[in-house]
Amino acid sequence: MIEIKDIYKSFGENEVLRGISATFKPGLNNLIIGGSGSGKTTVLKCIVGLHEPTKGDVFYDGENFTEMSFRERVPVRKQIGMLFQNSALFDSMTVEQNIMFPLNLFTDMPKSEKLDRANFCLKRVNLEGKNKLFPAELSGGMKKRVGIARAISMQPKYLFVDEPNSGLDPLTSILIDNLINEITEEFNTTTVIVTHDMNSVMGIGDHVVFLNNGEKWWEGSKSEIAHTNNKELNEFVFASKFMRAARAKL
Amino acid sequence: MFHTLGRYLILLRLSFKKPEKFSVYWTEVMREMNSQGIGSLGIICIISVFIGAVATVQVAFQLSSPLVAQSIAGSISRDSTILEFSPTISALVLAGRVGSSIASQIGTMRVTEQIDALEIMGVNTPGYLISPKIISGVSMIPLLTIISVVLGLSGGYIACIVSRDISPTDYIIGLRDNFNPIIVVVCCVKSIAFGFIITSVCAYFGFYTSGGALEVGQSATKGVVFSCIWILFADLIVTSLLL
């Protein structure tokens with residue numbers, strides 16, 4: 001379980017986050033949604049330690065991550081898998097080397113076992129046989145799937161996903177969402193997804209946190225979104241005619 | 001300026017922290033050695049031969065007097081090639097070739113979140129990305145400089161055969177005349193210092209890149225420019241201290 005308590009984050013004079021608190025439970029897809037510039041990615045980066053919060057704390061299973069030193073954070077980080085918006089695959093490495101990279105660095109597994117793990121992860125994301133390709137040879141959707149394979153190679157307890165659907169066609173987006181959902185259920189990971197894709201929200205949003213102008217505006221599940229009276233959330237989620245029509249039929 | 005210097009020193013300290021796994025870092029060192037050393041061999045060979053030849057022809061021209069022994073041109077050409085031309089000009093060329101590659105590679109990794117991905121895994125990113133490059137730089141650049149010296153002196157010999165300003169025999173006599181081994185030590189010390197400057201300064205600018213493709217280009221340019229300035233400064237310091 002991950003808990004964030006009263007997180008504030010400023011960049012110079014610009015206060016991006018103002019007192020965000022939330023709890024993300026294992027086995028659920030926890031979605032952080034909000035418009036562009038609402039602070040979604042900044043929250044995520046504060047949780048994983050890429051940004052240090054100006055104020056507030058992040059707890060991983062009760063342990064205060066914010067107060068830990070770099071060395072103390074390493075054991076926690078070994079349990080973290082993250083998929084970045086642009087996949088962030090290492091360009092100079094093949095798909096297989098990308099997936100095996102954390103295994104090479106942090107485990108003493110024999111090479112055959114690492115290869116088996118890499119093949120298992122690739123099979124899990126339906127990319128069998130793509131081991132020797134370089135990231136430049138992959139499509140956007142394939143890169144995302146390799147990113148997921150790399151993220152799960154260390155069998156993480158916590159999975160973070162930043163904008164999994166950006167730049168993908170609707171069909172591939174659904175495939176990626178389903179894959180994340182399956183992995184969350186299969187490995188019982190605490191999954192935190194930052195998105196502004198409404199298909200993802202309505203499809204896999206077990207727990208949704210809505211941010212607006214750096215503040216938490218609403219929290220609930222996908223089924224509650226359709227019936228909420230929160231004006232800002234309604235304007236955000238049901239901005240399109242299609243979504244309004246879909247809501248009317250509910 | 002003090003802020004930049006402080007950040008540079010902190011980055012260097014982080015770069016030489018104990019590695020997570022020695023074998024992974026060693027693989028990176030080998031890869032960098034191949035990239036920096038073998039990858040730069042061609043350009044170093046070409047410039048060294050020409051610089052040696054030009055230096056010999058010019059010295060021969062300036063000393064064309066019946067009162068000066070022709071072999072002196074060989075001695076002057078040898079000393080200037082070993083002390084200055086090979087280490088410094090090679091380093092300036094390598095700042096462009098190796099330095100810009102390091103800054104843009106690390107800068108691109110920064111803006112495409114690859115460094116963030118490493119940090120989230122718990123990797124000491126300065127150690128993993130920068131230390132193999134510095135280790136490779138301080139070992140391969142001196143080797144390239146030694147090759148450059150040999151080829152520079154050979155270039156001088158070729159120039160003697162082609163131009164006939166001085167005879168090849170006089171040139172060889174000049175090369176062997178009054179040879180003081182300290183100049184080779186100075187040459188090696190300079191090249192080690194230059195190797196460190198090129199790799200660490202360019203890695204610094206790459207590591208602290210923020211923005212996009214434009215900023216990656218700017219980081220590479222800054223890295224090369226600052227490396228060149230520091231190379232010339234270090235050249236003066238080493239020369240003053242050792243000669």
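# Exercises: two sheets, a helix pair and a chain contact

Helix H1 (residues 40-48) of chain A lies across S3, S6, strand S7 (158-162), strand S8 (190-195) and S9 of chain A, and runs at about 150 degrees to S8(A). The model is predicted. The exercises below start from the sheet under this helix.

## Exercise 1. The six-stranded sheet

Task: Give the strand order of the open six-stranded sheet in chain A, and say which strands stand at its edges.

Solution.
- Step 1. Read off the order: S6-S7-S8-S3-S9-S10. The pairing is mixed.
- Step 2. Look for strands with a single partner. These are strand S6 (80-83) and strand S10 (215-220) of chain A, so each has one side without a neighbour in the sheet.
- Step 3. Add the twist. From one strand to the next it averages 15 degrees.
- Step 4. Check a parallel pair. Strand S3 (residues 29-34) and strand S9 (residues 207-212) of chain A pair in the parallel sense, over five bridges. A:Gly34 stands opposite A:Leu211 in S9(A).
- Step 5. Check an antiparallel pair. S9(A) and S10(A) run antiparallel and are joined by five bridges. Here A:Val209 stands opposite A:Glu219 in S10(A).
- Step 6. Inspect the turn. The hairpin of S9(A) and S10(A) has two residues between the strands, and A:Asn213 takes a positive phi near 50 degrees.

One general point covers both kinds of pair. Strands of a sheet pair through backbone hydrogen bonds, either parallel or antiparallel.

## Exercise 2. The four-stranded sheet

Task: Describe the open four-stranded sheet of chain A, and find the helix that packs on it.

Solution.
- Step 1. The order is S2-S1-S4-S5 (chain A), with antiparallel pairing.
- Step 2. Strand S2 (14-24) and strand S5 (63-64) of chain A are the edge strands, each pairing on one side only.
- Step 3. Take the pair at one end. Strand S4 (residues 55-60) of chain A and S5(A) pair in the antiparallel sense over two bridges. A:Tyr60 stands opposite A:Glu63 in S5(A).
- Step 4. The helix is H1(A), which touches strand S1 (2-11), S2 and S4 of chain A. Its direction makes about 115 degrees with that of S1(A).
- Step 5. Return to the other sheet. H1(A) also lies across S3, S6, S7, S8 and S9 of chain A.

## Exercise 3. A helix pair

Task: How do the axes of helix H5 (residues 140-152) and helix H6 (residues 170-187) of chain A cross, and which residues meet?

Solution.
- Step 1. The axes come within 10 Å and cross at roughly 10 degrees.
- Step 2. Classify the angle. Angles under 35 degrees count as roughly parallel. H5(A) and H6(A) are therefore roughly parallel to each other.
- Step 3. List the residues. A:Gly141, A:Lys144, A:Ile148 and A:Ile152 in H5(A) meet A:Thr172, A:Ile176, A:Leu179 and A:Ile183 in H6(A).
- Step 4. Sort the contact by class: five nonpolar, two polar and one charged residues.
- Step 5. Consider the spacing. An α-helix has 3.6 residues a turn, so residues three or four places apart point the same way.

## Exercise 4. The contact between chains

Task: Which elements of chain A give two or more residues to the side that touches chain B?

Solution.
- Step 1. Count the contact: 16 residues of chain A and 13 residues of chain B.
- Step 2. Name the elements. They are helix H2 (70-77), S6 and helix H3 (95-106) of chain A.
- Step 3. Find the largest share. H3(A) gives it, with four residues.
- Step 4. Sort by class. This side of chain A has eleven nonpolar, two polar and three charged residues.
- Step 5. Turn to chain B. In helix H4 (residues 114-121) of chain B, six of the eight residues are buried. They are B:Gln114, B:Ile115, B:Ala117, B:Leu118, B:Ile120 and B:Met121.
- Step 6. Ask what covers them. They pack against H1, H2, S6 and H3 of chain A, and against helix H3 (71-111) and helix H5 (125-129) of chain B.
- Step 7. Note the residue that follows. After H4(B) comes B:Gly122, with a positive phi near 95 degrees.

## Exercise 5. Chain A as a whole

Task: Why does the radius of gyration of chain A agree with a compact globule?

Solution.
- Step 1. For 250 residues, a compact globule would have a radius of gyration near 18 Å. Chain A has 18 Å, so the two agree.
- Step 2. Add the box. The C-alpha atoms of chain A fill roughly 55 × 45 × 30 Å along the principal axes.
- Step 3. Add burial. Of the 250 residues, 42% count as buried.
- Step 4. Add the element count: ten helices and ten strands.

Technical notes: Residues are numbered from 1 along each chain as its sequence is written. Chains are lettered from A and ligands numbered from 1 in the order in which they are written. This is a predicted model: local features need pLDDT of at least 70, side-chain atom pairs count only at pLDDT 80 or more; totals for chains, interfaces and linings use all residues. Two strands pair if DSSP finds at least two bridges between them. Axes are lines fitted to C-alpha atoms, for helices over the stretch in contact, and angles run from 0 to 180 degrees between N-to-C directions. Two residues are in contact if their C-beta atoms, placed from the backbone, lie within 7 Å. The radius of gyration is taken over C-alpha atoms; the globule rule is 2.2 Å times the number of residues to the power 0.38. A residue is buried if 20 or more other C-beta atoms lie within 10 Å of its own, exposed if 12 or fewer, and partly exposed in between; C-beta atoms are placed from the backbone. Angles under 35 degrees count as roughly parallel, over 145 as roughly antiparallel, 65 to 115 as roughly perpendicular and the rest as oblique. Ala, Val, Leu, Ile, Met, Phe, Trp, Tyr, Cys and Pro count as nonpolar, Asp, Glu, Lys and Arg as charged, and the others, Gly among them, as polar.
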